[in-house]
Amino acid sequence: MSATEKLSVAALIGVILRRRINRTIDVKWLVENDAYAREIIKISREQKLEDLNEYADHLEKLTFGESKPNMAPAPAQSMEDTAKADIHEWLKETEPEVEEKEDDAVLDASKYIGGLR
Amino acid sequence: MNRGKNTLYRWILVAGIMFSATLPALAETSLTTTTGAVSVPVNPSTIAADPNAPAPAGGPSASPTDMSATPADTTMSPTPTVVAPVPAPPTAPTATFEVGFDKISSGDTAWMLTSTALVLLMTIPGLVLFYAGMVRKKNVLSTALQSFAICCVVTVLWVLIGYSLAFTPGSTPFLGSFDRVLLNGLSYIKATSQLSVNHIAPTIPESVFIMFQMTFAIITPALIVGAFAERMRFTAMLIFMSLWSVLVYAPVAHWVWEPSGLLASKGVLDFAGGTVVHINAGAAGLVCAYMLGPRTGFGKVPFIPYNLVYTLVGASLLWVGWFGFNAGSAVAADGRAGMAMLVTQIAAAVAALTWIGIEYFIKSRITMLGFASGAVAGLVAITPASGFVNVNGALAIGLAAGIFCYWGATALKRLLGADDALDVFGIHGIGGLVGAILTGVFADKAISGLDANLMLQTVAAFGTLIYSAVMTLIILTVVNMFVGLRIDAEEEHDGLDLTQHAERVM
């Protein structure tokens with residue numbers, strides 16, 4: 001599994017969700033947390049957008065292996081993972097600007113395809 | 001990768017045809033240049049070489065615009081006399097020679113020591129930061145380390161053989177001699193109050209001149225790192241850079257800066273290294289990009305730069321260091337160095353503003369990377385012209401650099417189809433060409449006393465580009481045969497920091 005590829009796909013999903021339905025997501029958390037990934041993949045598919053569907057499939061494949069028609073329930077998380085998720089949720093609630101900054105980074109990411117300048 | 005190589009061979013073929021078509025012009029031009037009273041040496045260092053001859057321009061005592069030096073004041077600020085002065089050589093020296101301490105200018109020496117430190121600062125940490133900020137997080141350490149390692153390797157090679165090949169007269173105009181291998185003949189003898197000087201810079205100790213030129217030899221290959229960033233095997237990089245430094249940099253430096261060199265003897269103007277450093281590195285970078293092929297995912301996924309603040313800090317260090325690069329190339333603390341410093345600042349600022357102006361016009365936004373890139377483009381372009389042009393020339397060259405380098409880093413890059421990761425050719429190659437050619441247009445005789453020849457400048461610039469490209473291709477092919485140039489796909493995926501150095505940025 002390619003971490004870079006996963007991050008790239010997650011970034012692209014973030015861009016499309018922001019542009020099409022004005023929804024901001026946490027790309028970094030999307031890569032790190034399986035439960036969050038499941039939810040975002042589900043939301044992405046609900047939009048019935050062809051490109052978004054493709055990226056959702058791709059992310060699912062990178063995160064969970066081969067694509068599954070019916071996603072299995074989230075595996076039980078360790079206490080550490082749960083704690084991390086809780087802290088993150090708390091951060092998102094109390095510090096919305098953090099999410100905003102990450103979103104800006106995602107928006108800019110596409111301009112780095114094929115060159116820096 | 002094969003497709004990239006085929007494209008590369010095609011470009012080299014086209015360039016070769018163009019170059020051969022301009023050769024008759026070069027022969028004719030050089031003839032007219034050398035039929036005058038003086039076969040004009042060009043490098044500023046060269047100009048300062050001959051304290052006794054009626055030098056046409058430049059140098060501590062000869063610049064028509066140098067208000068700080070009196071006719072008798074060849075040393076600017078003479079050091080206290082320790083021993084009886086050694087008589088000057090009866091004829092203009094053409095090789096290194098020894099002088100008494102009293103012949104050394106403390107002013108020139110102080111400025112050249114400072115300039116040397118400034119130019120080294122351009123590589124470590126200037127270029128290190130400039131490049132490290134633009135690559136992905138997993139390749140930051142590797143990219144930074146490459147420039148640092150090149151600094152160490154080239155230092156040793158310069159002492160071993162590079163200096164001798166570049167800055168001693170050889171039996172042919174193509175290459176210097178082996179007289180100064182291992183710095184043989186370098187002397188500083190306290191008992192007799194004598195020390196050696198290079199004939200190109202007779203008012204400073206040879207040790208300082210060697211160090212100053214060494215910093216140029218260091219930064220040139222370090223510039224190439226940006227072209228093959230994020231995918232070259234570290235050992236292959238070290239071998240390639242070692243060979244390139246000796247087989248490409250040293251000969252080209254000899255052609256342009258040694259008075260008896262191929263291009264210097266014909267009157268080509270290159271004050272601080274537009275040809276030797278920037279065109280040379282740009283061409284090599286482009287060939288490296290073709291030979292190594294694009295990074296995995298190039299053009300499909302974003303390669304997000306690690307930290308562009310590093311890049312701006314690096315660009316700022318480059319800018320400041322460039323005063324040593326350009327004004328230091330006067331090899332004297334005189335009015336011409338001051339002019340070089342002034343036009344350097346002007347061109348950098350104009351090019352930066354031009355770049356972001358275009359960027360705003362095309363993309364409706366102004367980026368930090370645009371500002372940094374534009375400034376570096378202006379610095380590159382003014383390099384060959386800095387001791388020859390006036391303020392108007394600097395404004396024009398800055399403007400041209402902003403336009404052409406922006407084109408080089410965007411449209412031309414797409415046209416060439418190479419993954420020149422950090423735009424070495426787009427900025428250094430194109431900026432070097434712009435500067436070298438426009439030196440032929442804007443050189444002001446009042447400053448240098450020299451006439452520029454546009455055709456000669458153009459042929460020299462493209463000739464250097466082709467030589468560098470062909471030699472780089474040969475060297476890379478050989479290195480590839482023995483150690484392999486590129487890391488494998490898995491290593492590339494994991495990043496050079498981990499796979500090549502077992503370290504990572506947290």
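What share of the contacts in chain B between residues at least 6 apart in sequence join residues at least 24 apart? I began my notebook with this, and I kept in mind throughout that I was looking at a predicted model.

**Entry 1: chain B as a whole**

I found that 79% of those contacts in chain B join residues at least 24 apart. I then looked up how the chain is built, and I noted 18 helices and three strands in chain B. Of its 506 residues, 60% count as buried, where I took buried to mean under 20% relative accessible area. For the outside of chain B I wrote down an accessible surface of about 18,100 Å², with 70% of this area belonging to carbon and sulfur atoms.

**Entry 2: the strands of chain B**

Next I asked myself in which order the three strands of chain B lie in their sheet. The sheet is open and its order is β1-β3-β2, with antiparallel pairing. I marked β1 (97-100) and β2 (188-189) of chain B as the edge strands, since each of them pairs on one side only. Following β1(B) further, I saw that four bridges join it to β3 (residues 194-197) of chain B, and that these two strands run antiparallel. As a place to find this pairing in the structure, I noted that B:Gly100 stands opposite B:Gln194, which lies in β3(B).

**Entry 3: where chain A meets chain B**

I turned to the contact between the two chains and asked how many residues each chain gives to it. Chain A gives 14 residues and chain B gives 27 residues. I also recorded that the two chains bury about 1,600 Å² between them, and that 60% of this area is on carbon and sulfur atoms. On the side of chain A, I listed A:Tyr112, A:Leu116 and A:Arg117, which together supply 50% of the area that chain A buries against chain B, more than any other three residues.

**Entry 4: charged and polar pairs across the interface**

Which residue of chain B forms a salt bridge with A:Arg117? I found that the partner is B:Asp423, and that the closest N and O atoms of this pair are 2.7 Å apart. The count across the interface of chain A and chain B is one salt bridge, and I also noted five residue pairs in polar contact there. Lastly I looked at the helices of chain A, and I saw that α1 (3-21) and α6 (96-109) each supply at least two residues of the side that touches chain B. The largest share of that side, three residues, comes from α1(A).

Key: Residues are numbered from 1 along each chain as its sequence is written. Chains are lettered from A and ligands numbered from 1 in the order in which they are written. This is a predicted model: local features need pLDDT of at least 70, side-chain atom pairs count only at pLDDT 80 or more; totals for chains, interfaces and linings use all residues. Side-chain values use heavy atoms; hydrogens and water are left out. Two strands pair if DSSP finds at least two bridges between them. Buried means under 20% relative accessible area, exposed over 50%, partly exposed in between (1.4 Å probe, protein chains only). Contact means heavy atoms within 4.5 Å. Accessible areas come from the Shrake-Rupley method with a 1.4 Å probe; for residues, only the protein chains shown count as cover. Buried area is the accessible area (1.4 Å probe) that two parts lose on being put together, summed over both. A salt bridge is a side-chain nitrogen of Lys or Arg within 4 Å of a carboxyl oxygen of Asp or Glu. A polar contact is a pair of N or O atoms within 3.5 Å; within protein, one must be able to donate a hydrogen and the other to accept it, and residues adjacent in sequence count only if both atoms are side-chain atoms.
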